[in-house]
Amino acid sequence: MPVMKRYVLRLFISLKYITANVVDRNNGRIVATSSTAEHTIKESLECGRSCNAKAATVVGEVLARRLKVEGLNEGEGRGIHANIGKEVGKKGFKNQTKVWAVVNALKNNGVKLILDDENDDTNF
């Protein structure tokens, strides 16, 4: 049975790295990913030990380009779901600007995002 929210944005933020994944919940696999741990992104940034909102914006832009290459920037017509409240809650309010930087970069680069702020009880 297919999942209604098929493509979901997941963020992983540490002191050193920011990683953004788009997960296909029907197949349980990552369809596109971007991270400051990648050599090409790391070279273009000067974030040192801590990544900032500028690095998060770059991660979002790279992820948007990769989604366009895969043809998933529309999320097969339904869009890519992102639960901002849940992501900020998991990462803490200190990382709120980084979460919004990734989301805004995706939106500004033509990715159809659907922001879900209701309580979603389905766990991936």
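**Exercise 1. Work out how β1 and β2 are joined, and in which sense they run.**

Solution. Start with the pairing in this predicted model: β1 and β2 run antiparallel, with 7 bridges joining them. Pick one bridge to look at: Leu11 is partnered with Ala20 of β2. Now follow the chain from one strand to the other, and you'll go through a hairpin of 4 residues. Leu15 sits in that loop, between β1 (7-13) and β2 (18-24).

**Exercise 2. Is Leu15 buried or exposed?**

Solution. Take the cut-off first: a residue counts as exposed when its relative accessible area is over 50%. Leu15 has 74%, so it is exposed. While you're there, find Asn95, which is 80 residues away from Leu15 along the chain. The C-alpha atoms of Leu15 and Asn95 are 9.9 Å apart.

**Exercise 3. Decide how enclosed β2 is by going through its two faces.**

Solution. This time the cut-off is the one for buried, under 20% relative accessible area. On one side of β2 you have Ile18, Ala20, Val22 and Asp24, and they are all buried. Flip to the other side, and Thr19, Asn21 and Val23 are all buried as well. That makes 7 of the 7 residues of β2 buried, so the strand is largely enclosed by the rest of the structure.

**Exercise 4. Follow the chain from β2 into β3 and describe the pairing.**

Solution. β3 covers residues 29-35, and its pairing with β2 is antiparallel, over 6 bridges. Two of the bridge partners are easy to check: Val23 goes with Ile30 of β3, and Thr19 goes with Ser35 of β3. Between β2 and β3 there's a hairpin with 4 residues between the strands. In that hairpin, look for Gly28, which has a positive phi near 70°.

**Exercise 5. In what order do the strands of the sheet lie, and which stand at the edges?**

Solution. Read across the open sheet and its 5 strands come in the order β3-β2-β1-β4-β5, with mixed pairing. At the edges are β3 and β5 (113-115); each has a single partner strand, so one side of each has no neighbour in the sheet. On average, neighbouring strands here are turned by 30° against each other, ignoring direction. Next, add helix α2 (residues 53-70), which packs on the sheet and touches β1, β2, β3 and β4 (80-82). The direction of α2 makes about 140° with that of β3.

**Exercise 6. Describe how α2 and α4 pack together.**

Solution. Begin with the geometry: the axes of α2 and α4 (residues 96-108) come within 7 Å and cross at roughly 35°. The crossing is right-handed. Then look at who makes the contact: from α2 the residues include Ala53, Ala56, Gly60 and Leu63, and from α4 they include Thr97, Ala101 and Val102. Sorted by class, the contact has 9 nonpolar, 3 polar and 2 charged residues.

**Exercise 7. Where is the predictor's confidence lowest and highest, going by helices and strands?**

Solution. Get the overall picture first: the mean pLDDT is 83, and 85% of the residues reach 70 or more. Helix α3 (residues 84-91) has the lowest confidence, with a mean of 79, while β3 has the highest, at 94. Finally, check residues 120-124, where the pLDDT is below 50. Beyond near neighbours in sequence, that stretch has 8 contacts in the model.

Methods: Residues are numbered from 1 along each chain as its sequence is written. This is a predicted model: local features need pLDDT of at least 70, side-chain atom pairs count only at pLDDT 80 or more; totals for chains, interfaces and linings use all residues. Side-chain values use heavy atoms; hydrogens and water are left out. Buried means under 20% relative accessible area, exposed over 50%, partly exposed in between (1.4 Å probe, protein chains only). Two strands pair if DSSP finds at least two bridges between them. Axes are lines fitted to C-alpha atoms, for helices over the stretch in contact, and angles run from 0 to 180 degrees between N-to-C directions. Contact means heavy atoms within 4.5 Å. pLDDT is the predictor's confidence in each residue, from 0 to 100. A crossing is left-handed if the near helix is turned anticlockwise from the far one by less than a right angle, and right-handed if clockwise. Ala, Val, Leu, Ile, Met, Phe, Trp, Tyr, Cys and Pro count as nonpolar, Asp, Glu, Lys and Arg as charged, and the others, Gly among them, as polar.
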